[in-house]
Amino acid sequence: FFSREWDQIRRLDTNIAHRRKSDKRGRKKRRIEAIYRMTCWRVSLLVVLLSAASLCDGNLAPHSVRGRVFSKVPSSSGVPSSRSISGVTASLQGGGSGGSGQSEVRGGGATAVKKRPTSEPSAFEVKAEEASGDGELKGDHSAKVCKDSSAAVIAKKLKNRNRMNFSRKVTHAGFGLGFAVLNQIIPRERFVLGMTIVTSTSLLVELLRYRKGFGWMNDALHFFLRGTLRKHEMEGKFTGSFYYFLGVTLSAYLYPKTAATLGICQLALADPSASYFGRQTRHIYWSRIENGLGGFGRNKGMLGFLGGALFCLPFNYRVLSIAALPTTTTRTTIATVSALLGLAGAFADLAVPTPALTVPKSIGNMKVPSWVPPFHVDDNVVVPIFSSFACTKIFQAFGFSQELELARCIIF
């Protein structure tokens, strides 16, 4: 009797010891997770505060080149004014009463003749003229870049947006599929938190890299991205990476995991493929949308839209065919859902006009402050958000669960 009681007491002590050990492990694990969350949020808050400080700091720092400081405020003629700091005198001589629109600038023995516009565009006029062949609006709001700065030097080596730039499309697709896989593997809260930090850091870099003393950021971007950059991204515009990270972050935050993953996949495939097919068929004029409907699809093509949708079809079919769909789902249903997802991604890309809608210099009679960042409507934000939304509605229409389980690596 006493031996049995002793064995029972010993088993109870052993169970208590194991329970205490497991509780200790659980407390340690919870403490580590709390420290991780606190650190991530502190870093994110620090990045946001630094971004706000850089916005409140006012205009871009003046660039000093060869004894001359270039100001940020444009003159009445639309040409950035400059003031001498080394005793250099500048005399402006008009073109006479005939309105030739030329001004002669003399300084330090050098003479340059520049043309002045004869008339200023109205505040409500939207100009679709391209600047330097980059497909950007002349009247947009962008940072002023000194032509001898590191960004300007790098811009001379890059291609404008009218070029094919195949390496950029491959990089675009690779990053998109990588983010989609990470969204499947990593828990949703951690993925959203990590992408928030990445997006905030990217925004901080974009706000600082045109300022004096931060030119090394442009050199670093060019070192890692090389030819995937575009010319206008070193001429006062934000790079597409910020909008790419922002679109992925918002999609993962706003929609269920499966819908967000498929939306990111459409961003990875529909966007570059639609651009590729659109450029290959740009000589077929009947397929082009010139001015669009109120800017919708301006300078895009219907054949590029269809090419992007068809390019996504086999990938979407593969993803859905190995997912945990109901056993009664037919191949025709899978193909239909796959085609609709591809059409949604290509349609979102078609809706964003070219050149992009940017922050104007003035709204009515009110000028936009110079500290406002040069944001614009980018397809890297529109495509994943719209595709994820369309995915939820398509799943609902075909009776699929919003929590549909995809393969761990999406395609295998």
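Guide: Helices (DSSP H or I, at least four residues) and strands (DSSP E, at least two) are runs numbered from the N terminus. The model above is predicted, with local features needing pLDDT of at least 70, side-chain atom pairs counting only at pLDDT 80 or more, and totals for chains, interfaces and linings using all residues. Residues count from 1 along each chain as its sequence is written, and side-chain values use heavy atoms, leaving out hydrogens and water.

Visitor: Which loop does Trp286 lie in?
Guide: Look past the end of α7, which spans 257–280. The next strand is at 288–289. Trp286 is in the loop between α7 and β7.

Visitor: Does Trp286 count as buried or exposed?
Guide: Buried means under 20% relative accessible area, exposed over 50%, and partly exposed in between (1.4 Å probe, protein chains only). Trp286 has a relative accessibility of 69%, so the Trp286 verdict is exposed.

Visitor: How many Å apart in space are Trp286 and Gly301, C-alpha to C-alpha?
Guide: In sequence, Trp286 and Gly301 are 15 residues apart. In space, their C-alpha atoms are separated by 8.9 Å.

Visitor: Stepping back, how many helices and strands does the protein chain have?
Guide: There are 412 residues in the protein chain, and buried ones make up 40% of them. As for elements, the tally is 10 helices and 10 strands.

Visitor: Which element of the protein chain has the lowest mean pLDDT?
Guide: pLDDT is the predictor's confidence in each residue, from 0 to 100. The chain averages 76, and 68% of the residues score at least 70. Among the elements, helix α10 (residues 379–397) has the highest mean, at 96. At the other end, with a mean of 36, sits strand β4 (residues 92–93).

Visitor: Over which residues is the pLDDT below 50?
Guide: Where pLDDT is low, the predicted coordinates shouldn't be read in detail. Counting contacts as heavy atoms within 4.5 Å, this stretch has 127 of them in the model beyond near neighbours in sequence. The stretch in question is residues 57–138.

Visitor: How many salt bridges does the structure hold?
Guide: A salt bridge takes a side-chain nitrogen of Lys or Arg within 4 Å of a carboxyl oxygen of Asp or Glu. Side chains of opposite charge can pair when their charged atoms come close. The count in this structure is 2.

Visitor: How many residues apart are Glu233 and Arg168?
Guide: The side chains of Glu233 and Arg168 meet in a salt bridge, 2.9 Å from N to O. That pair links distant parts of the chain, with Glu233 in the loop between α5 (215–225) and α6 (240–254), and Arg168 in helix α3. The gap in sequence is 65 residues.

Visitor: What relative accessibility does Glu233 have?
Guide: Its partner Arg168 is buried, with a relative accessible area of 19%. Glu233 also counts as buried, because its relative accessibility is 2%.

Visitor: Which residues does Arg168 touch, not counting those up to four places away in sequence?
Guide: Arg168 is part of helix α3, which runs over residues 166–185. Its salt-bridge partner is Glu233. The residues touched are Thr228, Leu229, Arg230, Glu233 and Gly240.

Visitor: Which residue does Arg209 form a salt bridge with?
Guide: Arg209 is buried at 1% relative accessible area. The partner counts as buried too, at 3%. The closest N and O atoms are 2.8 Å apart, and the partner is Glu206.

Visitor: Which residues form a nonpolar patch on the surface?
Guide: Patches take residues with over 30% relative accessible area and no salt bridge, joining like charges within 9 Å and nonpolar side chains (Val, Leu, Ile, Met, Phe, Trp, Tyr) within 5 Å. One member sits in helix α10 and is partly exposed at 39%. Together the members have about 330 Å² of accessible area (Shrake-Rupley, 1.4 Å probe, only the protein chains shown counting as cover). They are Phe296, Phe347, Phe386 and Phe389.

Visitor: Which peptide bond is cis?
Guide: Its proline is in the loop between α9 (331–351) and β9 (362–363). Omega is near 0° for the bond from Thr354 to Pro355.

Visitor: What positive phi does Ile410 have?
Guide: Ile410 lies in the segment after α10 and is buried, at 2% relative accessible area. Although Ile410 is not a glycine, its phi is about 75°.
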